[in-house]
Each structure stands twice: as C-alpha cells, then as structure tokens.
Amino acid sequence: MNDVIYLDYAATTPVDKDVFAASLPYYTDVFYNPSSGHALGQKANAAVERSRRQCAEAINADPDEIIFTSGGAESINMALCGAYGGLVVSAIEHDTALACAERLSKSGVEVVYVQPDRNGIITPDALSATITDRTKLVCIMTVNNIVGSIQPIKELAEIAHSKGALLFTDAVQAVNSLDIDVKDWGVDMLCVAGHKFYAPKGVGFLYVKRGVKLNPLIVGGNQEGGIRAGTHNTPAIVAMGEAIVKAKALRDKYTAHTKQVADEFIQNLDCGKIVLKQNKTDDIVSVMFSGKNGYIDGGRLAVALSVEGVCCSVGSACSAGSATPPQTLIAMGVEHAESCLRFSFGRNTTIEQARRAAQIVNAVVKRF
C-alpha cells in the first residue's frame with residue numbers, strides 16, 4: 001500500500017512521531033491513575049495538568065476552562081445536550097451536531113436551523129434573523145468539514161450575545177489552519193479532536209468559558225471538575241498537548257504547504273468543477289464530477305479511485321455509508337451534490353502526490 005495516495009486528512013491524520021514518543025512513557029513507566037492521591041498517581045496527574053495548560057495556551061484560554069473528552073462527538077454532545085434552552089444550529093454542521101439537534105427537538109426543545117449562503121457561510125444577517133427570544137445557545141462550526149468554508153465566528157458570537165444567547169463552535173477542522181483565540185473570538189464553548197491534528201484518536205477537549213454551566217452527560221466520578229467522569233486517558237492526553245503545541249508552531253508552514261499542494265492538484269485536474277474557491281482553508285477541496293452521460297455518482301467514483309490508488313471521500317467519515325449527499329452541499333444549494341468528492345491534504349502530502357492524484361482522477365473520470 002506504499003504507492004497509495006492518501007487524500008483524506010480531513011477524516012483523520014497519522015500520529016506525529018514526536019507526539020507518539022512523548023506519550024509512550026505513560027503507557028508503561030508512568031501508568032498510574034491520575035486521580036490517585038498517592039505520589040505516583042500525582043506524577044501522572046502532573047502530566048495531565050501540563051497538557052491542560054498546553055491546550056489552554058494554544059487557544060488563549062485558562063487551564064480550568066479545558067475539559068478533556070474522548071473527542072469531537074462527545075464534546076459536541078456535551079455542549080449541546082448539556083446546555084439548557086432553545087438552540088439555533090447551522091444547517092452545515094457536522095452530523096453529530098445535527099443529530100443532537102434532532103434529539104433535542106424530539107424532547108421538546110425549540111431548535112431552529114440557520115441556512116448558509118451559496119459560499120457555505122453563515123452570515124451575521126442570517127443568524128440575526130434566525131435567533132428568537134427563546135434561543136439560549138447558537139451552534140456554528142469554525143471550518144466546515146466538507147468544503148472548508150471559514151465562518152466569521154467573532155461577528156456571530158457578538159450577535160448571539162446581543163440576543164442573550166451563548167455561542168458554541170466546533171473547531172475540530174480548524175486547529176491546523178487557523179489561529180484560535182477564544183477570548184478574541186468571544187466564544188463561550190469550543191471543541192477540538194486530537195486525531196485531526198496528528199494526535200491519537202479517542203481524545204479531545206471542550207473549552208467552556210468560566211461561568212458557563214453544563215449538565216454532565218457522564219456521571220460517577222469527580223474528574224474534570226465533576227463535568228466528565230471517568231479515568232483519564234493519560235497517554236492520549238499527553239500526546240494531544242504535545243500535538244497542539246506543534247500544530248500551532250507549524251501553522252504558517254502548514255498553510256503555505258497545503259496551498260501549494262491544493263494548487264498543484266487543481267491545476268492538473270482536467271475534469272470536474274471546484275465547489276468552493278474562496279473564504280476557505282486550502283487543505284480541503286470539494287469537486288463535482290460529470291461524464292459523457294451526465295453527472296457521476298460520487299460513491300462509485302470514490303470506490304473506483306480507491307482501486308486505482310487514490311483515497312478520498314464523499315463526505316465525513318462519520319456519515320460513511322449514507323445514501324444521501326453531505327448535508328452541507330444540500331444546504332448550500334449545490335446541484336448534483338451526489339456527484340461531489342472531498343479531497344483533503346496534510347503535512348505528508350507531496351507535490352508529486354497531488355499531481356499524480358489529479359492525473360489518476362482524470363483517467364478514471366474519462367472512463368466513466
């Protein structure tokens with residue numbers, strides 16, 4: 001499989017070798033329970049708290065505002081289902097947030113959806129027109145995971161606050177590309193997932209601004225201030241702290257690299273239509289494909305490309321197997337959304353891989 005070109009970094013990234021090495025002692029030598037009161041347990045706890053400080057510093061938060069979780073899905077559930085009152089949620093959220101919204105609606109909570117413009121942006125005017133006097137929480141992701149559109153979170157937070165509501169943003173897809181500053185943005189809650197920025201799967205955190213109250217989803221212990229019970233996954237938490245520090249240090253290099261890679265891919269692509277070109281991150285490129293007999297089914301095309309050595313996706317990994325196109329494309333009004341594929345790039349994507357992948361796509365689409 002060494003010749004396979006992986007273009008699905010938006011689904012997950014490999015664990016950085018330095019990050020992995022930093023976590024290893026906490027599997028074997030410092031394996032102790034961080035909640036234990038004895039000296040060895042406190043040695044593990046010191047590592048957890050060091051990571052908490054690293055994560056907080058990376059987003060300009062205070063350490064006591066960081067709650068460690070198992071990743072994006074748990075963090076989103078905690079933020080949405082643990083808050084109280086009416087919810088406004090964007091129609092282009094991750095499937096997890098949309099599923100939470102549906103559950104809340106069925107339980108009697110007022111849920112209102114705010115629609116994006118054709119560029120995948122939730123505009124301040126659209127949000128202002130959607131919030132009601134019963135809205136207590138607004139949920140809008142920072143970077144869309146399908147088309148890469150970057151939302152004006154700071155302006156949206158100001159509007160939410162002017163209407164008496166809190167704002168939660170899913171920043172899972174943003175860590176590599178954007179400078180995250182929760183104080184400048186004015187957000188009340190924000191989540192990330194480690195496996196999107198070269199840390200292991202199964203670890204993430206939820207930033208909760210001091211003073212914001214949440215109803216715990218997992219009870220049974222006093223970990224994380226009583227908000228999230230359960231023994232800490234110390235090795236993964238240590239790895240995430242190291243990974244977010246490295247992601248911040250490499251951010252300028254990363255954005256320059258992914259722009260170069262994306263440009264090479266697009267310039268060598270002789271087929272397809274790019275769904276979104278501006279106001280987005282460069283590490284995600286969504287393309288709509290058509291052939292001689294009309295538009296091509298994205299799912300079939302993705303399988304054909306995989307056989308030829310290019311791994312990409314129809315949408316998010318969490319919605320894999322769904323017969324419907326990504327909700328983001330439908331909400332944006334993209335025609336023939338079922339013909340779209342997402343190509344996403346990372347630190348390890350080379351210029352040659354981008355060029356070769358585009359050539360393979362050209363050949364496979366021509367066969368279709």
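Author: Two strands are taken to pair when DSSP finds at least two bridges between them, and the model discussed here is a predicted one.

Reader: Which residue in β14 does Val287 stand opposite?

Author: Strand β10 covers residues 284-288, and 5 bridges join this strand to β14 in an antiparallel arrangement, which satisfies the requirement of at least two bridges for a pair. Val287 belongs to the stretch assigned to β10, and the residue that stands opposite Val287 in β14 is Leu341.

Reader: Which strands stand at the edges of the sheet, each with a single partner strand?

Author: The sheet is open and has 3 strands, arranged in the order β9-β10-β14 with antiparallel pairing. Because each edge strand has a single partner, one side of each is left without a neighbour in the sheet. The two strands in that position are β9 (273-274) and β14 (340-344).

Reader: How many residues apart in sequence are the parts that Asp8 and Arg342 tie together?

Author: The side chains of Asp8 and Arg342 meet in a salt bridge, with an N to O distance of 3.2 Å, and both Asp8 and Arg342 are buried. Asp8 lies in the loop between β1 (5-6) and α1 (17-23), whereas Arg342 lies in strand β14, so the separation in sequence between the parts they tie together is 334 residues.

Reader: Is Asp133 buried or exposed?

Author: Asp133 forms a salt bridge with Arg134, the closest N and O atoms being 3.3 Å apart, and Arg134 is partly exposed at a relative accessible area of 48%. Asp133 has a relative accessibility of 65%, and the cut-off for the exposed class is over 50%, so Asp133 counts as exposed.

Reader: By about how much of the helix are Arg355 and Glu352 separated in α12?

Author: The side chains of Arg355 and Glu352 meet in a salt bridge of 2.5 Å, N to O. Arg355 is partly exposed with a relative accessible area of 27%, and Glu352, at 46%, likewise counts as partly exposed. Both residues belong to helix α12 (residues 351-367) and are 3 residues apart, so their separation is about one helical turn.

Reader: Which residues do salt bridges that share partners join into one network?

Author: A search of the whole structure finds 19 salt bridges, the pair of Arg355 and Glu352 being one of the contacts described above. Where salt bridges share partners, they join four residues into one network, namely Asp16, Asp18, Lys246 and Arg347.

Note on methods
Residues numbered from 1 in each chain as written. Predicted model: local features only at pLDDT ≥ 70, side-chain atom pairs only at ≥ 80, totals over all residues. Heavy atoms only, no water. Helix = DSSP H or I, 4+ residues; strand = E, 2+ residues; numbered from the N terminus. Buried < 20%, exposed > 50% of the residue type's maximum accessible area, 1.4 Å probe, protein only.
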